[in-house]
Amino acid sequence: MDEFQYEKDRLDFTKAYMERMIAAQKSGRASLKQRQDDTLENLDFQDSSLRYQEMLSHANFMKMSRDQLDNLKSLRRKPYFARIDFHRKENPEKEQFYIGKVSLFDRETQLPIILDWRSPLANVYYEGRLGEVSYEALGVRYEGEVSLKRQYQIEEGELMDYRDIDVTAKDDLLQESLSQNADGRLSEIVSTIQEEQNRVIRADLRKPIIVQGAAGSGKTTIALHRISYFLYTMKEIFKPDDMLILAPNRLFIQYISEVLPELGVQRAAQSTFMDFAVNTAGIQSPVITQHEVLTQAVEGTMDRDGVTAARLKGSRMFQTIMDTYIQSLKKQYKVEQDFTVLEFRIKKARAINRLFFEEYSYFPYEVRVRKIKAVLQSELRRKKKQILEKVAAKYDEALDKALYGMKDPDKRKIRVSYLITRKEERLTEIKKAARTAVASFMKQYPAFHVEKTYKKLFEESVFLSVHPDDTEDWKAVRRYSHSTFAKGKVHSEDLAGLLYLFTFLKGIDAEERPKKVVIDEAQDYSYFEIYALRRACQTNLFTIVGDLAQGIYQYRGIDTWGTLVEDIFPKASYLTLQKTYRTTIEIMDLANGLLTHLPVSLPRAEPVARHGPLPQFLPITPGWEEKVDQFCRGFVEEGMSSFAMITKTMAEAEDVQKRLETYGMTFTLLKEGEGSLSERMVLPAYLAKGLEFDVVLLYNDRHPFQESDLDLKMLYVAMTRPLHRLMMIGADKEDFLLHLVQPDRFQEV
Ligand SMILES: Nc1ncnc2c1ncn2[C@@H]1O[C@H](COP(=O)(O)OP(=O)(O)OP(=O)(O)O)[C@@H](O)[C@H]1O
């Protein structure tokens, strides 16, 4: 049979099977629903707990089948994207496996009709070689031979084309996928995941991983695929809501959120570090964001003390200072007095302290205190009975003595009545004291308010008591902190310390704690931020991706991954991604040309072979606005759809947005925490981090880029955002540091 027809038939068979499954699931759901309604009707109070459980399990069934149904439905348009022919050594014949986003099994034979891309066998598809291969599943290694790798182009459920691939031909498909447009969201890449990326996705899931990846190398995409792979492989242990994805800003969360359902990780929590720390530690004060500080740095108005504070508060030294401070707080939980009710001792101070400092040492301080409270309550309950009995017995004995031993009836009467009254009084006294004993004992324990306690550290006497070795820098840190705190605010740099302190004092409840954390744009985190996160989440399962060349918060961010590996994640796997998939060779050459002017050598991106027009420089001369308009129309005609006007500062973004408006060009101004992604945006470079657009118009009129580390990196970030076109609009070429690169790397228009 003609091969194309064979593939067409196979696709038809798969689709028909899926339809049958969908129909079966639907009727299955209907009968489940009926059963649930029946259960509800028959619910009687006598056996409600049992019925309730039955209802719950029905609900779970329904949920499972709804997920399955949704998966199946979403697959209909493209059930699979590739096939491998694999001959396992011990099997007599080779088998064909069709690889798709979600698996589908034949109900009777249990054989896969579609193999999940995350399954162990699918790994051989990504590993790039035809011929002898091996893969591991559940700790067993299988060997065999791959004789065919075939890739399908399926549109709306119809087979359009297929092609057989080897290592070289694979690039064709990648090229095709890269030449498409950005539509404001991350695109689908499961069918073109490259070997170096596959290694990151599948790197040992039980270990932390740190990835240095060039701009556009797929860090974000790959980190999300790694979560998807992680959840697939560890589905028995982890759920999507156990995941935490930390992104640089809210805009970026919007950008990635659309790809999450396809990867089955839509229920993973997504947050910025700031929001996570503020919500977790319950910070009430407004936070001065790192963007505000960066803006000052960019505009050259940054307070020197501010730079010092940001640098030191993110440092390892500050972590040790916090540790000493926290130890000093811990000492205040030592109790001196025994726990007593009146003169009766219930528990010795030493035993109580042993609970706090030894037995419960794994818990945050306030949890320990709560546990001690529970212990004291239960011991009191037990001992109170004994005490009351003992006291009553003592009075009863005295009564006996009085009744039978005292001769004088008057004296006896007085004594007996005294003893009866006294006994009652004593017992009431003890009961009364017992009622408040625990609460009043617990008052000895300090109740630290996280923010106030953190701020107290910066009082001179407190600071010097934990860090006597004072320096001008630390004085500056205190000065700067005081002025911020006096305004009722905290700085984003304080969040690591606040989170850290919170972790020791209160801690995140075990059920709420993220079990796996993904950090994107990790180069912008300080050492202490990552340290504090690891301590707060109490897990080693971190996926950390970043690019040192894009480290625009260099006054506080990470400048080498080595420190993280050595001090925070000694077991981490370290991997690199060098190829860049986003942009063209021409654009990347220009951006790389700038990187060479940084004093330290930074990892460079290698573009995959995709050519495009040279980046353009458009001088700001009268009538430039009309020219921009014309160029944009031209780009639209070429098929470009997403445009970003990127500036150095927010002030300039506001200016150019208004200016273009008067010429009938509508660009939406994007601000941190506001607005949403649209097809035409104006935004400062620091907000463009991680995003991508078909066309980037880099605009600079009043704030030229300087030959400083910060500006070079900002420019690099901005220049690496476009997929297809880069145009620089400015008064002078030098404003974009173009005099530093070879003149043939761009074209003046
Ligand atoms: N294997 C691939 N196949 C097709 N497209 C890919 C592949 N890998 C990455 N891409 C595309 O390359 C672009 C860049 O990916 P991504 O944003 O994940 O990179 P990044 O390393 O996080 O970039 P940056 O650090 O510059 O923000 C995206 O459009 C992504 O879809």
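In this predicted model, the largest nonpolar core comprises 222 residues, and the residues with the most contacts inside it are Ile519, Ile544, Ile646 and Leu683. Helix H13, which runs over residues 365-405, makes the greatest contribution to this core, supplying 13 residues. When residues up to four places away in sequence are left aside, Ile519 is in contact with Leu246, Tyr525, Ile530, Leu533, Phe542, Thr543, Ile544 and Val545. A second core, separate from this one, is made up of 18 residues and includes Leu11, Met21, Ile114 and Tyr152.

Ile519 also belongs to the sheet architecture, since it lies in strand S15, where Leu246 stands opposite it. Strands S9 and S15 pair in the parallel sense over four bridges, and both are members of an open sheet of six strands, with parallel pairing, whose order is S10-S9-S15-S16-S8-S17. The edges of this sheet are formed by strand S10 (269-272) and strand S17 (573-577), each of which pairs on one side only. On average, and with direction ignored, neighbouring strands of the sheet are turned by 15 degrees against each other. Helix H5 (residues 195-202) packs on the sheet through contacts with strand S8 (209-213) and S17, and the direction of the helix makes about 155 degrees with that of S17. Helix H8 (residues 273-281) likewise packs on the sheet, where it touches S9 and S10, its direction making about 100 degrees with that of S10.

Helix H11, which covers residues 316-331, was examined for its length and burial. At 1.5 Å a residue, its 16 residues should span 22 Å, and the separation of 23 Å between its end C-alpha atoms agrees with this expectation. The buried residues of H11 are Phe318, Gln319, Ile321, Met322, Tyr325, Ile326, Leu329 and Lys330, a list in which polar Gln319 and charged Lys330 appear beside residues such as Phe318 and Leu329. In general, an α-helix has 3.6 residues a turn, so residues three or four places apart point the same way.

Across the whole structure, a search finds 40 salt bridges. One of these joins the side chains of Lys515 and Asp242, with an N to O distance of 3.9 Å. Because Lys515 lies in the loop between helix H18 (495-505) and strand S15 (516-519), whereas Asp242 lies in the loop between helix H6 (219-233) and strand S9 (243-247), this pair ties together parts that are 273 residues apart in sequence. Lys515 is partly exposed, at 28% relative accessibility, while Asp242, at 14%, counts as buried.

A salt bridge is also formed between Arg478 and Asp470, whose closest N and O atoms are 2.8 Å apart; here Arg478 is buried at 5% relative accessibility, and Asp470 is partly exposed with a relative accessible area of 24%. In a further salt bridge, the closest N and O atoms of Lys689 and Asp524 are 2.7 Å apart. This pair links distant parts of the chain, 165 residues apart, with Lys689 in the loop between strand S23 (680-684) and strand S24 (693-700) and Asp524 in the loop between S15 and helix H19 (527-537). Both partners are buried, the relative accessible area being 1% for Lys689 and 6% for Asp524. Elsewhere, salt bridges that share partners join Glu3, Glu7, Arg83, Asp85, Arg150 and Asp164 into one network.

Definitions and conventions
Residues are numbered from 1 along each chain as its sequence is written. This is a predicted model: local features need pLDDT of at least 70, side-chain atom pairs count only at pLDDT 80 or more; totals for chains, interfaces and linings use all residues. Side-chain values use heavy atoms; hydrogens and water are left out. A salt bridge is a side-chain nitrogen of Lys or Arg within 4 Å of a carboxyl oxygen of Asp or Glu. Helices (H or I, at least four residues) and strands (E, at least two) are DSSP runs, numbered from the N terminus. Buried means under 20% relative accessible area, exposed over 50%, partly exposed in between (1.4 Å probe, protein chains only). A nonpolar core is a set of buried Ala, Val, Leu, Ile, Met, Phe, Trp, Tyr and Cys residues joined through side-chain atoms within 4.5 Å. Contact means heavy atoms within 4.5 Å. The expected span of a helix is 1.5 Å times one less than its number of residues. Two strands pair if DSSP finds at least two bridges between them. Axes are lines fitted to C-alpha atoms, for helices over the stretch in contact, and angles run from 0 to 180 degrees between N-to-C directions.
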